[in-house]
Amino acid sequence: MPSGLKNSRQPATTQWSILGCGALGGVFASLLTQSGQSTRVLLREHHQSTLHPGFDFTSLEGHVQLLNIERGFASKPGKIKRLLVMTKASQVVAALVPLVGKLDAGVPIILLHNGMGIAEQVVAMFPHNPVIAGVTSHGAMQLGHFVFRHTGKGETWLGPVNEAARAHAALADELALALGQAGWDEQILQRQWQKLAINCAINPLTALHKLKNGELAGPRFADALQQVCVEVADVMSAQGIVTTAEELLRRVMTVVELTADNYSSMCQDMELGRETEIEAITGFLLAKAAEHGIAVPVNQGLYQAVKEKSQTA
(Lines give C-alpha, C1' and ligand atoms only; values in the text may rest on other atoms or scores of the structure.)
Protein backbone atom coordinates (compact mmCIF):
# COMPACT_ATOMS: atom_id res chain seq x y z
CA MET A 1 0.00 0.00 0.00
CA PRO A 2 1.21 3.53 -0.71
CA SER A 3 1.02 4.68 2.91
CA GLY A 4 2.97 1.65 4.05
CA LEU A 5 5.68 2.28 1.49
CA LYS A 6 5.95 5.89 2.56
CA ASN A 7 6.30 4.93 6.21
CA SER A 8 8.94 2.34 5.45
CA ARG A 9 11.10 4.90 3.68
CA GLN A 10 10.51 7.62 6.24
CA PRO A 11 9.90 6.00 9.61
CA ALA A 12 7.96 8.25 11.95
CA THR A 13 10.01 9.51 14.87
CA THR A 14 8.45 10.60 18.15
CA GLN A 15 9.27 14.20 18.92
CA TRP A 16 11.28 15.21 21.97
CA SER A 17 9.84 18.21 23.82
CA ILE A 18 12.50 19.87 25.98
CA LEU A 19 11.39 22.07 28.86
CA GLY A 20 14.23 24.35 29.88
CA CYS A 21 16.67 25.94 27.47
CA GLY A 22 19.63 26.80 29.64
CA ALA A 23 23.15 25.66 28.84
CA LEU A 24 22.55 21.92 29.07
CA GLY A 25 19.03 22.05 27.59
CA GLY A 26 20.34 23.97 24.59
CA VAL A 27 23.19 21.52 24.06
CA PHE A 28 20.90 18.48 24.32
CA ALA A 29 18.39 20.05 21.91
CA SER A 30 21.22 20.68 19.46
CA LEU A 31 22.67 17.17 19.74
CA LEU A 32 19.24 15.55 19.33
CA THR A 33 18.57 17.69 16.26
CA GLN A 34 21.95 16.85 14.74
CA SER A 35 21.22 13.15 15.23
CA GLY A 36 18.09 13.53 13.09
CA GLN A 37 15.57 13.27 15.92
CA SER A 38 12.56 15.59 15.90
CA THR A 39 13.06 18.11 18.69
CA ARG A 40 11.41 21.25 19.98
CA VAL A 41 12.01 23.42 23.01
CA LEU A 42 9.29 24.81 25.27
CA LEU A 43 10.20 28.33 26.38
CA ARG A 44 8.89 30.74 28.98
CA GLU A 45 6.58 33.53 27.84
CA HIS A 46 9.19 36.29 28.05
CA HIS A 47 11.01 34.70 25.11
CA GLN A 48 8.11 35.50 22.76
CA SER A 49 9.50 38.94 21.94
CA THR A 50 13.12 37.79 21.68
CA LEU A 51 13.01 34.82 19.35
CA HIS A 52 16.29 34.10 17.61
CA PRO A 53 16.41 32.70 14.05
CA GLY A 54 18.34 29.62 15.15
CA PHE A 55 20.46 27.87 17.73
CA ASP A 56 24.11 28.88 17.43
CA PHE A 57 25.78 25.61 18.47
CA THR A 58 29.48 24.87 18.89
CA SER A 59 30.37 21.19 19.10
CA LEU A 60 33.13 19.61 21.17
CA GLU A 61 35.34 19.69 18.08
CA GLY A 62 34.78 23.42 17.67
CA HIS A 63 32.43 23.20 14.67
CA VAL A 64 29.88 26.01 14.66
CA GLN A 65 26.44 25.37 13.20
CA LEU A 66 23.19 27.34 13.09
CA LEU A 67 20.37 24.90 13.83
CA ASN A 68 16.69 25.44 13.14
CA ILE A 69 14.89 24.02 16.18
CA GLU A 70 11.15 24.35 16.69
CA ARG A 71 10.07 26.59 19.58
CA GLY A 72 6.92 26.45 21.63
CA PHE A 73 5.70 27.85 24.94
CA ALA A 74 4.80 26.02 28.12
CA SER A 75 1.50 27.91 28.36
CA LYS A 76 0.41 26.45 25.00
CA PRO A 77 2.43 23.25 24.74
CA GLY A 78 0.49 21.48 22.01
CA LYS A 79 0.81 17.70 21.76
CA ILE A 80 3.64 16.31 23.86
CA LYS A 81 4.79 12.73 23.28
CA ARG A 82 7.79 12.70 25.63
CA LEU A 83 8.99 15.47 27.90
CA LEU A 84 12.63 16.07 28.78
CA VAL A 85 12.81 18.52 31.71
CA MET A 86 16.14 20.36 31.85
CA THR A 87 15.47 23.40 33.99
CA LYS A 88 17.42 24.17 37.14
CA ALA A 89 16.32 21.99 40.07
CA SER A 90 14.67 24.92 41.83
CA GLN A 91 12.59 25.69 38.71
CA VAL A 92 11.33 22.19 37.85
CA VAL A 93 8.06 22.26 39.78
CA ALA A 94 7.11 25.80 38.72
CA ALA A 95 7.99 25.04 35.07
CA LEU A 96 5.75 21.97 35.11
CA VAL A 97 2.71 23.66 36.69
CA PRO A 98 1.34 24.94 33.32
CA LEU A 99 1.41 21.37 32.00
CA VAL A 100 -0.70 19.84 34.76
CA GLY A 101 -3.82 18.45 33.10
CA LYS A 102 -2.34 18.91 29.61
CA LEU A 103 -0.16 15.79 29.38
CA ASP A 104 -1.82 12.61 28.19
CA ALA A 105 -1.61 9.73 30.65
CA GLY A 106 1.38 7.61 29.73
CA VAL A 107 3.56 10.45 28.38
CA PRO A 108 6.99 9.92 29.99
CA ILE A 109 8.53 12.78 31.96
CA ILE A 110 12.34 12.62 32.11
CA LEU A 111 14.03 14.76 34.77
CA LEU A 112 17.62 15.79 34.08
CA HIS A 113 18.74 18.23 36.74
CA ASN A 114 21.33 18.45 39.47
CA GLY A 115 20.40 17.53 43.00
CA MET A 116 17.69 15.34 44.46
CA GLY A 117 14.29 15.56 46.13
CA ILE A 118 12.37 16.89 43.11
CA ALA A 119 11.19 13.66 41.45
CA GLU A 120 8.82 12.80 44.29
CA GLN A 121 7.05 16.14 43.85
CA VAL A 122 6.71 15.52 40.10
CA VAL A 123 5.16 12.08 40.71
CA ALA A 124 2.58 13.75 42.96
CA MET A 125 1.82 16.33 40.26
CA PHE A 126 1.52 13.76 37.46
CA PRO A 127 0.22 10.54 39.08
CA HIS A 128 -0.72 8.99 35.71
CA ASN A 129 2.60 9.57 33.95
CA PRO A 130 5.83 7.58 33.93
CA VAL A 131 8.48 9.64 35.74
CA ILE A 132 12.12 8.94 34.90
CA ALA A 133 15.15 10.31 36.71
CA GLY A 134 18.38 11.02 34.86
CA VAL A 135 21.94 12.00 35.62
CA THR A 136 24.42 13.35 33.12
CA SER A 137 28.00 14.54 33.25
CA HIS A 138 28.04 16.39 29.90
CA GLY A 139 29.50 19.88 30.09
CA ALA A 140 27.71 22.86 28.58
CA MET A 141 27.92 26.64 28.43
CA GLN A 142 25.47 29.27 27.28
CA LEU A 143 27.43 32.10 25.72
CA GLY A 144 24.54 34.34 24.68
CA HIS A 145 20.94 34.40 23.51
CA PHE A 146 20.48 30.87 22.06
CA VAL A 147 24.25 30.49 21.79
CA PHE A 148 25.48 27.18 23.20
CA ARG A 149 28.77 25.32 23.46
CA HIS A 150 29.27 21.64 24.25
CA THR A 151 32.24 21.67 26.61
CA GLY A 152 32.56 18.08 27.76
CA LYS A 153 31.36 14.63 26.78
CA GLY A 154 30.08 12.55 29.67
CA GLU A 155 27.82 9.71 30.67
CA THR A 156 24.04 9.86 30.85
CA TRP A 157 21.88 7.40 32.77
CA LEU A 158 18.12 7.12 33.09
CA GLY A 159 16.06 5.03 35.48
CA PRO A 160 12.54 4.62 36.83
CA VAL A 161 11.11 6.73 39.64
CA ASN A 162 7.69 5.05 39.55
CA GLU A 163 6.48 1.67 38.30
CA ALA A 164 5.05 3.03 35.04
CA ALA A 165 8.51 4.27 34.03
CA ARG A 166 9.93 0.74 33.76
CA ALA A 167 8.34 0.32 30.33
CA HIS A 168 10.40 3.16 28.84
CA ALA A 169 13.98 1.87 28.95
CA ALA A 170 14.21 2.32 25.16
CA LEU A 171 14.36 6.10 25.66
CA ALA A 172 17.97 5.67 26.76
CA ASP A 173 18.81 4.03 23.42
CA GLU A 174 17.34 6.98 21.54
CA LEU A 175 19.27 9.47 23.64
CA ALA A 176 22.42 7.45 22.95
CA LEU A 177 22.04 8.17 19.23
CA ALA A 178 22.57 11.84 20.04
CA LEU A 179 24.91 11.67 23.02
CA GLY A 180 27.18 8.78 22.06
CA GLN A 181 26.29 6.97 25.28
CA ALA A 182 23.17 6.73 27.38
CA GLY A 183 22.07 3.81 29.53
CA TRP A 184 19.15 2.55 31.58
CA ASP A 185 19.66 1.62 35.21
CA GLU A 186 16.87 0.20 37.34
CA GLN A 187 18.90 1.29 40.40
CA ILE A 188 19.09 4.93 39.32
CA LEU A 189 18.91 6.08 42.96
CA GLN A 190 22.49 4.92 43.53
CA ARG A 191 23.70 6.89 40.49
CA GLN A 192 21.78 9.94 41.70
CA TRP A 193 23.55 9.77 45.06
CA GLN A 194 26.93 9.32 43.36
CA LYS A 195 26.23 12.40 41.24
CA LEU A 196 25.09 14.26 44.35
CA ALA A 197 28.42 13.46 46.02
CA ILE A 198 30.30 14.84 43.01
CA ASN A 199 28.20 17.99 43.00
CA CYS A 200 28.56 18.46 46.77
CA ALA A 201 32.33 18.33 46.34
CA ILE A 202 32.88 20.32 43.15
CA ASN A 203 30.11 22.90 42.88
CA PRO A 204 30.33 24.85 46.14
CA LEU A 205 34.14 25.02 46.17
CA THR A 206 34.42 26.17 42.56
CA ALA A 207 31.61 28.69 43.03
CA LEU A 208 33.04 30.17 46.22
CA HIS A 209 36.58 30.47 44.85
CA LYS A 210 35.70 31.23 41.19
CA LEU A 211 37.71 28.28 39.89
CA LYS A 212 37.70 25.97 36.94
CA ASN A 213 37.01 22.40 37.99
CA GLY A 214 40.60 21.35 37.32
CA GLU A 215 41.94 23.78 39.90
CA LEU A 216 40.47 21.56 42.64
CA ALA A 217 43.16 18.97 41.88
CA GLY A 218 45.83 20.86 43.82
CA PRO A 219 46.74 20.21 47.48
CA ARG A 220 44.87 23.33 48.64
CA PHE A 221 41.50 21.56 48.43
CA ALA A 222 42.52 17.96 49.18
CA ASP A 223 41.32 17.94 52.79
CA ALA A 224 38.01 19.64 52.02
CA LEU A 225 37.22 17.27 49.14
CA GLN A 226 38.07 14.24 51.24
CA GLN A 227 35.94 15.40 54.17
CA VAL A 228 32.97 16.17 51.90
CA CYS A 229 33.18 12.61 50.59
CA VAL A 230 33.45 11.13 54.10
CA GLU A 231 30.31 12.99 55.16
CA VAL A 232 28.33 12.08 52.03
CA ALA A 233 29.38 8.42 52.37
CA ASP A 234 28.10 8.39 55.96
CA VAL A 235 24.70 9.68 54.86
CA MET A 236 24.53 7.32 51.87
CA SER A 237 25.29 4.36 54.14
CA ALA A 238 22.50 5.45 56.49
CA GLN A 239 20.20 5.56 53.44
CA GLY A 240 21.07 1.94 52.69
CA ILE A 241 23.34 2.68 49.72
CA VAL A 242 26.65 0.82 49.84
CA THR A 243 29.65 3.05 49.18
CA THR A 244 32.90 4.27 50.68
CA ALA A 245 34.46 7.71 51.00
CA GLU A 246 37.38 6.45 48.90
CA GLU A 247 35.09 5.44 46.05
CA LEU A 248 33.30 8.78 46.10
CA LEU A 249 36.58 10.72 46.17
CA ARG A 250 37.85 8.68 43.21
CA ARG A 251 34.70 9.59 41.26
CA VAL A 252 35.07 13.26 42.20
CA MET A 253 38.70 13.42 41.08
CA THR A 254 37.87 11.63 37.81
CA VAL A 255 35.28 14.31 37.02
CA VAL A 256 37.69 17.06 38.09
CA GLU A 257 40.21 15.70 35.59
CA LEU A 258 37.74 15.11 32.74
CA THR A 259 36.17 18.57 33.13
CA ALA A 260 39.35 20.44 34.08
CA ASP A 261 38.68 23.40 31.76
CA ASN A 262 34.99 23.71 32.68
CA TYR A 263 33.32 26.01 35.14
CA SER A 264 30.69 24.21 37.22
CA SER A 265 27.06 25.20 36.79
CA MET A 266 27.05 26.68 40.30
CA CYS A 267 30.13 28.74 39.55
CA GLN A 268 28.47 30.05 36.37
CA ASP A 269 25.23 30.79 38.21
CA MET A 270 26.92 32.67 41.03
CA GLU A 271 29.08 34.67 38.63
CA LEU A 272 25.96 35.76 36.72
CA GLY A 273 23.92 36.49 39.83
CA ARG A 274 21.49 33.63 39.17
CA GLU A 275 19.92 31.38 41.77
CA THR A 276 22.14 28.37 42.47
CA GLU A 277 21.09 24.77 42.93
CA ILE A 278 22.60 24.59 46.43
CA GLU A 279 19.25 23.65 48.03
CA ALA A 280 18.76 20.57 45.82
CA ILE A 281 22.41 19.54 46.19
CA THR A 282 23.95 20.29 49.60
CA GLY A 283 20.61 21.30 51.10
CA PHE A 284 19.20 17.86 50.27
CA LEU A 285 22.24 16.21 51.84
CA LEU A 286 21.86 18.27 55.03
CA ALA A 287 18.19 17.32 55.31
CA LYS A 288 18.96 13.60 54.98
CA ALA A 289 21.86 13.92 57.44
CA ALA A 290 19.51 15.56 59.97
CA GLU A 291 17.01 12.70 59.57
CA HIS A 292 19.72 10.25 60.58
CA GLY A 293 21.36 12.44 63.22
CA ILE A 294 24.64 12.57 61.28
CA ALA A 295 26.98 15.56 61.63
CA VAL A 296 28.19 16.97 58.30
CA PRO A 297 30.09 20.13 59.34
CA VAL A 298 32.11 20.65 56.14
CA ASN A 299 29.04 20.41 53.91
CA GLN A 300 27.13 22.62 56.36
CA GLY A 301 29.88 25.23 56.15
CA LEU A 302 29.94 25.15 52.35
CA TYR A 303 26.14 25.45 52.25
CA GLN A 304 26.17 28.50 54.51
CA ALA A 305 28.99 30.14 52.58
CA VAL A 306 27.21 29.72 49.23
CA LYS A 307 23.94 31.04 50.68
CA GLU A 308 25.67 34.07 52.17
CA LYS A 309 27.69 34.84 49.05
CA SER A 310 24.60 34.44 46.85
CA GLN A 311 22.72 37.00 48.96
CA THR A 312 25.51 39.56 48.70
CA ALA A 313 26.20 38.99 44.98
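Modeller: Buried means under 20% relative accessible area, exposed over 50%, partly exposed in between (1.4 Å probe, protein chains only). The model is predicted: local features need pLDDT (the predictor's confidence in each residue, from 0 to 100) of at least 70, side-chain atom pairs count only at pLDDT 80 or more, and totals for chains, interfaces and linings use all residues. Residues are numbered from 1 along each chain as its sequence is written, and side-chain values use heavy atoms, with hydrogens and water left out.

Biologist: Over which residues is the pLDDT below 50?

Modeller: The protein averages a pLDDT of 92, and 93% of the residues score at least 70. One stretch falls below 50. Beyond near neighbours in sequence, that stretch has zero contacts (heavy atoms within 4.5 Å) in the model. It covers residues 1-12.

Biologist: Which helix gives the largest share of the largest nonpolar core?

Modeller: That core (buried Ala, Val, Leu, Ile, Met, Phe, Trp, Tyr and Cys joined through side-chain atoms within 4.5 Å) has 39 residues. Trp193, Leu196, Leu216, Val232 and Val252 have the most contacts inside it. Helices (DSSP runs of H or I, at least four residues, numbered from the N terminus; strands are E, at least two) supply at least two residues each in the case of H6 (188-209), H7 (222-238), H8 (245-258), H9 (265-271), H10 (279-292) and H11 (297-312). The largest share is ten residues, from H6.

Biologist: How many residues are in the second core?

Modeller: This core is separate from the largest one. Its members include Ala29, Ala140, Phe146 and Trp184. The count is 33.

Biologist: Which residues does Val252 touch?

Modeller: Val252 is one of the residues with the most contacts inside the largest core. Leave out residues up to four places away in sequence. The remaining partners are Ala197, Ile198, Ala201, Ile202, Leu225 and Cys229.

Biologist: Is Leu32 buried or exposed?

Modeller: Leu32 sits in helix H2 (residues 23-34). Beyond residues up to four places away in sequence, Leu32 touches Trp16, Ile18, Gln37, Thr39, Leu84, Leu175 and Ala178. Its relative accessible area is 0%, so Leu32 is buried.

Biologist: What separates the C-alpha atoms of Leu32 and Leu43?

Modeller: Along the chain, the two leucines are eleven residues apart. In space, their C-alpha atoms are separated by 17 Å.

Biologist: Which cysteine has the sulfur nearest to that of Cys200?

Modeller: The structure holds zero disulfides (pairs of cysteine sulfur atoms within 2.5 Å). Cys200 is buried because its relative accessibility is 0%. The nearest cysteine sulfur is 9.1 Å away, in Cys229.

Biologist: Why does Cys267 form no bond with the closest cysteine sulfur?

Modeller: Cys267 counts as buried, because its relative accessibility is 5%. The closest cysteine sulfur belongs to Cys200. That is too far for a bond, because the separation is 17 Å.

Biologist: What is the phi of Phe146?

Modeller: Phe146 lies in the loop between strand E9 (139-144) and strand E10 (147-152). Phe146 is buried, because its relative accessible area is 2%. Phe146 is not a glycine, yet its phi is positive, at about 60°.

Biologist: Where is Lys210?

Modeller: Lys210 has a positive phi of about 55°, although it is not a glycine. Its place is in the loop between H6 and H7.
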